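Good morning, colleagues. Please bring up the sequence and the structure, and I will then take you through the fold, its core and a few individual residues.

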Amino acid sequence: MTETAVHELAQVNIARLLAPLDSPRLKDFVDALDPVNGDAEAADGFVWRLVGDAGNATDVPVFGDRWMIVNLSVWRDTDALTAFMYRGRHREMLARRREWFERVEEAMVALWWVPAGHRPTVAEAEARVLHLRAHGPTPYAFTLRTAFPAGASEPATGEAPEGLGCSAL
């Protein structure tokens, strides 16, 4: 059995809104949620995503801050996640994120390996982000730029496309 059959990749992305979700400023973002989530679910390597009552995760509390939203999902591996993130509609939305979200210096994205079939909680995701902020990339919580293969203790440095401002990845 391969490592990808034993482990899956969890990812969390937290963002702090610049305006309420129902504001004109966030209209393009909100209008793109269902199509982008549909693209994710159809992507090769997609396993699961957190969904709240709204059909997305915008109503799921994170860090006790009503201005923060969370995206929590599970993928087959880093290659599958990267392929989705930097192509199509998601790439277009990623390039526009400064229109909708605060610029934050601390880590807002974290990745970690979970046993196949495990569905992480928001509390688990919050702990991974806080660990990454405190300790930098480790096997417990890492980034696409400094990823750790499942079961490894040494990182495998990755690359994100230039021009998207994804230094936190």
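The mean pLDDT of this protein is 89, and 87% of the residues score at least 70. The model is predicted, and I shall therefore begin with where the confidence lies. Among the elements, strand S2 has the highest mean pLDDT, at 98, whereas strand S6, residues 156–157, has the lowest, at 57. Over residues 160–169 the pLDDT falls below 50, and in the model this stretch has 23 contacts beyond near neighbours in sequence.

Let me turn to the overall architecture. The protein contains 5 helices and 6 strands. Read from the N terminus, the order of the elements is α-β-α-β-β-α-α-β-α-β-β. Of its 169 residues, 44% count as buried. As to the contacts with a separation of 6 or more, 72% are between residues 24 or more positions apart.

Next, the interior. Which residues of the largest nonpolar core touch the most other members? They are Phe29, Trp75, Leu81, Phe101 and Phe142, within a core of 29 residues. Two or more residues come from each of strand S1 (7–16), helix H2 (27–42), strand S3 (68–75), helix H3 (78–85), helix H4 (88–95) and strand S4 (109–115). The largest contribution to this core is that of H2, with 5 residues. Apart from this core there is another, of 21 residues, which includes Ile14, Val62, Leu72 and Ala125.

Leu81 offers a view of the larger core from one position. Not counting residues up to four places away in sequence, Leu81 touches Leu9, Gln11, Trp75, Leu111 and Leu144.

I now come to helix H2 itself. Its buried residues are Phe29, Ala32, Leu33, Val36, Asn37 and Ala40. Why might buried positions in a helix recur at such intervals? An α-helix has 3.6 residues a turn, so residues three or four places apart point the same way. The buried residues of H2 pack against strand S2 (46–49), S3, H3 and H4.

The geometry of H2 can be examined in two ways. At 1.5 Å a residue, its 16 residues should span 22 Å, and the end C-alpha atoms are 24 Å apart, which agrees. The helix nevertheless bends by about 40 degrees at Leu33, and a proline, Pro35, follows within four residues.

From H2 we can move to a residue that contacts it. Asn56 lies in the loop between S2 and S3. Is Asn56 buried or exposed? Its relative accessibility is 8%, so Asn56 counts as buried, the cut-off being under 20%. Leaving aside neighbours within four places in sequence, Asn56 is in contact with Leu33, Asn37, Arg49, Leu50 and Val51. Two of these, Leu33 and Asn37, are also listed among the buried residues of H2. In addition, the side chain of Asn56 makes a polar contact with the side chain of Thr58, at 2.6 Å.

The loop between S2 and S3 also holds Phe63. Here the backbone deserves attention: Phe63 has a positive phi of about 55 degrees, although it is not a glycine. Most residues other than glycine have a negative phi, and most peptide bonds are trans. At 28% relative accessibility, Phe63 counts as partly exposed.

Finally, I would like to consider the C-terminal part of the chain. Thr138 is placed in the loop between helix H5 (122–135) and strand S5 (146–147). With a relative accessibility of 18%, Thr138 counts as buried. Beyond residues up to four places away in sequence, Thr138 touches His131 and Phe148.

The two elements on either side of this loop each supply one further example. In helix H5 we find Ala127, which counts as partly exposed at 33% relative accessibility. The C-alpha atoms of Ala127 and Ala110 are separated by 9.7 Å, with the two positions 17 residues apart along the chain counted as their offset. In strand S5 we find Thr146, which is likewise partly exposed, at 24% relative accessibility. The C-alpha atoms of Thr146 and Gly136, 10 residues apart along the chain, are separated by 9.4 Å.

To close, I would return to two points: H2 gives the most to the largest core, with 5 residues, and the pLDDT is below 50 over residues 160–169. Thank you for your attention.

Definitions and conventions. Residues are numbered from 1 along each chain as its sequence is written. This is a predicted model: local features need pLDDT of at least 70, side-chain atom pairs count only at pLDDT 80 or more; totals for chains, interfaces and linings use all residues. Side-chain values use heavy atoms; hydrogens and water are left out. A nonpolar core is a set of buried Ala, Val, Leu, Ile, Met, Phe, Trp, Tyr and Cys residues joined through side-chain atoms within 4.5 Å. Buried means under 20% relative accessible area, exposed over 50%, partly exposed in between (1.4 Å probe, protein chains only). Contact means heavy atoms within 4.5 Å. The expected span of a helix is 1.5 Å times one less than its number of residues. The bend at a residue is the angle between axes fitted to the seven residues ending there and the seven starting there. A polar contact is a pair of N or O atoms within 3.5 Å; within protein, one must be able to donate a hydrogen and the other to accept it, and residues adjacent in sequence count only if both atoms are side-chain atoms. pLDDT is the predictor's confidence in each residue, from 0 to 100.
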